Every structure is written in structure tokens, then in C-alpha cells.
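Please open the model in your viewer and keep the selection tool at hand. The stops below go from strand to sheet, then to the core, the boundary between chains and a pair of helices.

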Amino acid sequence: MRRSNLSFVLAELILKDFRVRYRNMSLGVFWSLLNPLTMMAILTFVFTKVFESRIPHYPLYVLCGLIPYNFFTLSWVTGTVSISENPPLVKRVPMQTALLPLVSVLSNTLHLCIQLLLVFALVLWYGLPVTWHYLWLPVIWSLELLFIYGLTLASSSLHVLIRDVRYVVESVNLVLFWLVPIFYSFAMVPQKYRSLYEFNPVAALVLATQHVILGHRSPPQALMWKMTVVSAVFMGLGAFVFFRLKRRFYRYL
Amino acid sequence: MSEVIRAEHLSVVYRSRGSRKLLRQYLQDRLTGRLAEGFYALHDISFTISRGESLAVLGANGAGKSTLLAVLAGLLEPDAGRIVVDGRVATLMELGSGFHPDLTGWENLRLYAAILGMSRGEVRNQAEKIVDFAELQGYMDQPLRTFSSGMVLRLAFAVAVHAAGDVILIDEILAVGDAAFQKKCHRRLAEMRQQGATLVCVSHVSGMLETLCSHAIWLHHGRAVRFGPYRDVTSAYTAFMNGTDRHLWDALPDSPVRTSA
């Protein structure tokens, strides 16, 4: 496989995902927005009317947590099955298999970008300032992408060998919803758990996003360091697991 | 003459369970420390192909032909032995991997070309030629699901033969479309061979194959029975298949080599 081809395959596979997903839907890209909007409405109702939370701009607060969380869970699940659901691309053509989980993650990133527009619409609606600290967002998200790609590299290769991995992933995602500050605030987490809590990269992502968008300030340094370390470790581990198991894919698919 | 393909004592083992996809089985095997019994899909295969030569792979179902192609393509790592292939490998196996019925002809063309290793520039330059070759002018803006199966195969084949490599591996796909189109495919492959490509074809013995391949290897339950000039190997092979060569019929084993468990 030549270098000039890599970006081309990647782009074509992502485009394929995107086209296939929306081509036959009359509402098209609007579906990307409907799910977070509904969840936002419900959570806002429950936590401002039923539980009376005092977090300001609650709908925006919920979206800042929900969108990264959704992005993570969807990328992880689709990434995990990306190799086992494409045997012809693994067994019949000399293509880089490591591209498949990357395609899943990146095509979910496309949806993420659409959903982030929703966040910015709400920012403008509330009249919140858009500051220089927004430049942190690409940094935070790049780290998160690195983390997710590492994670899916490992889970997708394991899934080829052991088909139970997918269900483990789905269960972890369910649990994770409660370990990310989506509907409650980080300030409510007891002090002694906070530094550990920040090691959860999805929680860290949400916290950093909240700092930038709702707090108009840079994310704390300690948080950024934790994100960097965790992302690097996962990327390393993912690559290690993938290259160890890769030679067995042909026989297991 | 420089070597394009060199296979030294290639062996590939398949475990009879194929794959341990379930956690329960995995744990069971781990705890009992027992490896599933296996057999040699390829057993001690050696041959070399030099520039200008081309190879036909012959044998009955399950003889190891596709496994050999997978090893040559680098898709499957052999359990023993060494394989060296000089140059870019292109595969024409299971045409249309990655095709999607909801995408248009053009979109599928680009996608498949990318998967087969072409660059953006190559696709731009060759797209019209590919469509002409497939005889699909006027259909390319339609989704693939409106194509007949013959049209889909023609598109796939047209893309595949334009995504040429130095070594082209072909798995039983020469029977694409009607007789006229088959002739065209065959002409295109012959042309590619003349331009210096090395072909490795898994196919049935035919006049077409003879004009494409200078050499042949005959596999039987994973073992190489004969390797040599095309004529020599095919005459022995057809004699065996027709049952006229009783001597060989008795000499060849009727099952693959088992691994000692």
C-alpha cells in the first residue's frame, strides 16, 4: 500500500459511511440533531422541574456533556465491530486493516461537528461570550480522538477473536453515563474522589469543554495533563494489541 | 532473470475449530491447555516465478488454492516457511469488496478503486476508461442496486484490472459476464502481462488460461504435486482428474496432513 493512497481510502470510506447513513432518509442530517435535542429536553425537564438543579443555562450544560458522551459511545461501539463486520476488506484486498476503526471514529466525528453547531447556536442564544479560550477545543478534541482510536484499535482486534467484546463495550457505555458530569455538576462530586474522577477521559473531555464554553476560561492544567497521559497510554496500548493480534484476523474472520 | 515470487517451504495450519469466537470456548481451551486439532492447508510448498512468467494454480476444492493466494497477497502469514514477492500486489478476489447498493456507480467506482490501492490522480485519469471498459456509460449516476448482477461484476472487474500492480492475483473470477466481455477481460489481462505484470490465476484448465500462464502448480490437499511449465503440469493434472493415470491416482493421499496434537 502506497502513502498517496492512504488518505484517499480513508476519505472514500468515511464518505461511504456518511452517504449510506443519510441517503435514504428524508430528514437527512436533521436526525443527527434530533437525538441530543430530545435528550436535552427530557433531562432539562427532569432536573430543573423535578429535581430543581441550580446549574445555570441547564440545556446548554446538558448538551456540553451529552454530545461528547454520545460521540464516545457511538464511536466505540461502531469502531469495535468495524473489523469483524468487514471480512472482505480484511481477507480479500491488501488494505491497512488499522484504517477500519479509524474510519468509524472519524465518520462519527463528522456527526459530532454537526452536533457542536447546536452547542454554538445555544451559546449565541444565551448571549454567552466566545473567547480566545475556544482555541483549546481543538486541542481537547484531538487528545480525545487519540484516546478513542487507541481504545477501538484494541477492542476491535479483540472482538475479532472473542465476539463477546461488543457486549462488554455496550455495558461499560451504560455505566459510563453516570460517571460523566452530564446532568450533575463536577462540584457535587465529593472532593476525595475528584482527582480520580478526572482520569476518566470522557469525563475529562466533558469537564474541559464545560470550562471553555460555560466558564470562559482555559481548562485546568492538571486536567489537561491527565488527558494527555491517558490518551498517550491508550494509543500505545491499542497499537500494541492490534499489531499483536493482526496476524490472526484472516483465520478468525 | 530476476525473481518476482519466491516461496520457500510454505506451510499454513488451520485449526479444525477455525476460530474460538466465544469466551466460554476460549476459557475452556486455556484452562485445559489443549489446542484444537488442525491440518495443513498448505504443506511445504516451494516454487519461484521469474519476471515474464505467470502462474496458474490448479487443484480440486479445498486443495489450498485460495490459501496460497492469501499468503502471496500478504493477507495470511504462513506458519512456516518464507515468501518474498517483489513489487506491488493487486488482488482480483471476490470482486466488489466494499461495494454498497445505495451508492451510485461513480461513488462505488471511486470507493473500490481506493480500496484496491489506486491514488486520487490515477482514478481521475482512468475513470472514463474504466467506464468504457465496463460498457456502463449512461448508468453511472444510478445507485448500484438498480444494476443487474452482470453489470455490477463488469464494473468491479473493470476497476480491478485498471488498478494494476506488478503481481496480480486472480481467484476464479475469469467467468465474468457474457462471452464477449470475457474475451475482453482476457485480452486486458494478456495486455497487462505483456506490460510486465506477473499473473497468478486460480482457475479451471482452459485455452484462455494457457495463453495467460507460462507455469502451473498443482495442489492436492495442501501439497504441491507438480510444479513446472504449464503444459506438463496440466497434462498430468487432466490425466489424474479423468482417472486415466491410475498410478498417480493410487499414489496421492486422500486427506490433508494432520498436525500431531
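Begin by selecting strand S8 of chain B, residues 215-220, which is mostly covered, with five of its six residues buried. Bear in mind throughout that this is a predicted model.

Keep S8(B) on display and add its two partners. On one side, four bridges join S3(B) to S8(B), and these strands run parallel; to find the register, pick Val57(B), whose bridge partner in S8(B) is Ile217(B). S9(B), by contrast, pairs with S8(B) in the antiparallel sense over six bridges, and here Leu219(B) has Ala224(B) as its bridge partner in S9(B). If you follow the chain from S8(B) into S9(B), you pass through a hairpin with two residues between the strands, and His221(B) in that turn has a positive phi of about 45°.

Next, show helix H8 of chain B, residues 230-241, which lies across S3(B), S8(B) and S9(B) and runs at about 135° to S9(B).

Now widen the selection to the whole sheet, an open one of six strands in the order S5-S6-S7-S3-S8-S9 of chain B, with mixed pairing. S5(B) and S9(B), residues 223-229, stand at the edges with a single partner strand each, so one side of each is left without a neighbour in the sheet. On average, neighbouring strands of this sheet are turned by 15° against each other, direction ignored.

Within the sheet, select S6(B), residues 167-171, together with S7(B), residues 198-202, which pair in the parallel sense over five bridges. Leu169(B) has Val200(B) as its bridge partner in S7(B). Which residues does Leu169(B) touch, not counting those up to four places away in sequence? They are Leu69(B), Leu72(B), Ala73(B), Val89(B), Thr91(B), Leu92(B), Met93(B) and Val200(B).

From Leu169(B), move outward to the largest nonpolar core, which has 141 residues and in which Val57(B), Leu116(B), Val159(B), Leu169(B), Val200(B) and Cys201(B) touch the most other members. Its largest share, twelve residues, comes from helix H6 of chain A, residues 136-161.

Turn then to the second sheet on this itinerary, an open, antiparallel sheet of three strands in the order S2-S1-S4 of chain B. S2(B), residues 38-50, and S4(B), residues 80-85, are the edge strands, each pairing on one side only, and neighbouring strands are turned by 20° against each other on average, direction ignored. S1(B), residues 3-15, is joined to S2(B) by nine bridges in an antiparallel arrangement, with Glu3(B) standing opposite Ser50(B) in S2(B).

For the boundary between the chains, select the 31 residues of chain B that are in contact with 26 residues of chain A. On chain B, helix H1 (23-32), strand S5 (89-92) and helix H3 (105-115) each supply at least two residues of this side, and H3(B) gives the most, with five. By class, this side of chain B divides into 16 nonpolar, eight polar and seven charged residues.

Finish in chain A with helix H3, residues 58-81, and helix H9, residues 201-213, whose axes come within 9 Å and cross at roughly 145° in a right-handed crossing. To see the contact itself, select Cys64(A), Gly65(A), Pro68(A), Tyr69(A) and Phe72(A) in H3(A), which meet Val202(A), Leu205(A), Val206(A), Thr209(A), Gln210(A) and Ile213(A) in H9(A). This contact has eight nonpolar, three polar and no charged residues.

Key. Residues numbered from 1 in each chain as written. Chains lettered and ligands numbered in written order. Predicted model: local features only at pLDDT ≥ 70, side-chain atom pairs only at ≥ 80, totals over all residues. Contact = placed C-beta atoms within 7 Å. Nonpolar A, V, L, I, M, F, W, Y, C, P; charged D, E, K, R; others polar. Core = buried A, V, L, I, M, F, W, Y, C linked by C-beta atoms within 7 Å. Buried ≥ 20, exposed ≤ 12 C-beta atoms within 10 Å, placed from the backbone. Axes fitted to C-alpha atoms, helices over the stretch in contact; angles between N-to-C directions. Left-handed = near helix turned anticlockwise from the far one by under 90°. Pairing = 2+ DSSP bridges.
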